[in-house]
Amino acid sequence: MNDCIDEIEAVPGLPEELPRGETILWQGAPDWRLVARNTFHLRLLAAYFLVLLGLRAVLAIWSGAAISVVMQSVMIMALPGLLVGGVFTMGAWLIASTTMYTVTSKRLVMRFGLALPLCINLPFAHIQAAAVRCFADGFGDIPLTVDSSHRFSYVVMWPHARPWQWRRPQPMLRGIAEARAVAELIANAASASLPATEHHDFNPTADAMKNEAHLTTVATGEMA
């Protein structure tokens, strides 16, 4: 793994030109709406403020306040919620717009970062497993388990790290389209990059875990 900060990219999403014989198989970025929903939990935030506003209105009406006073009170209380929601939405958009995931024939590259772009190179030889959590719309997250030779900081990787995995952070492709197909692409590319003596065919099952080419793909299921 190589960490690199480079203001000028030779190739979009990559810190330098690819070596001869290595090709780009796929590039993608998180969907900002999924980042807002699953990283900043905007739905829960909205529900929380709606409950508060409802309680405020009910208590004001119960106390005999005029409708105009109730509406004014509710609107004043709604302003902080709108401000926080706007900030989180902007943050989700910035994260998505500054992130690029790249799968090549040799490795997976994660470029992210707002102020200082960070580029993480993960050769397939060091990726032990990959899981996929698919949502109803085909979008999903792909967390990766890497060998012990690579150490990651959860704080540095966030939000491109599997939630709650503090002791051994796992890099994660977050909120990408056609997540299952991308997971299969990673598995196939990893399988093809292995020596012939270690090569296995990739054949994921619909609802179980299957180990192929040092990769485990879960087609459906919840991640902790």
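Of the contacts in the chain between residues at least 6 apart in sequence, 59% join residues at least 24 apart. Keep in mind that this is a predicted model. The chain has 224 residues, and buried ones make up 43% of them. Its secondary structure adds up to five helices and 11 strands.

**How H1 meets H3**

- Helix H1 covers residues 32-39 and helix H3 covers residues 67-97; the two pack with their axes 8 Å apart, at an angle of about 125°.
- That angle makes H1 oblique to H3, because it falls outside the 65 to 115 degrees that count as roughly perpendicular and isn't over 145, where roughly antiparallel begins.
- As for handedness, H1 passes H3 in a right-handed crossing.
- On the H1 side, the contact is made by Trp32, Val35 and Ala36.
- H3 brings Thr89, Ala92, Trp93, Ile95 and Ala96 to that contact.
- Sort the residues of the H1 contact with H3 by type and you get seven nonpolar, one polar and no charged.

**Cysteines and disulfides**

- The disulfide count comes to zero, going by a cut-off of 2.5 Å between paired cysteine sulfur atoms.
- Cysteine 119 has a relative accessible area of 3%, so it's buried; the bar for that label is under 20%.
- Cysteine 134 comes out at a relative accessible area of 22%, which means it's partly exposed, since that label covers values between the 20% cut-off for buried and the 50% cut-off for exposed.

How values were computed. Residues numbered from 1 in each chain as written. Predicted model: local features only at pLDDT ≥ 70, side-chain atom pairs only at ≥ 80, totals over all residues. Heavy atoms only, no water. Buried < 20%, exposed > 50% of the residue type's maximum accessible area, 1.4 Å probe, protein only. Axes fitted to C-alpha atoms, helices over the stretch in contact; angles between N-to-C directions. Helix = DSSP H or I, 4+ residues; strand = E, 2+ residues; numbered from the N terminus. Parallel < 35°, antiparallel > 145°, perpendicular 65-115°, else oblique. Left-handed = near helix turned anticlockwise from the far one by under 90°. Contact = heavy atoms within 4.5 Å. Nonpolar A, V, L, I, M, F, W, Y, C, P; charged D, E, K, R; others polar.
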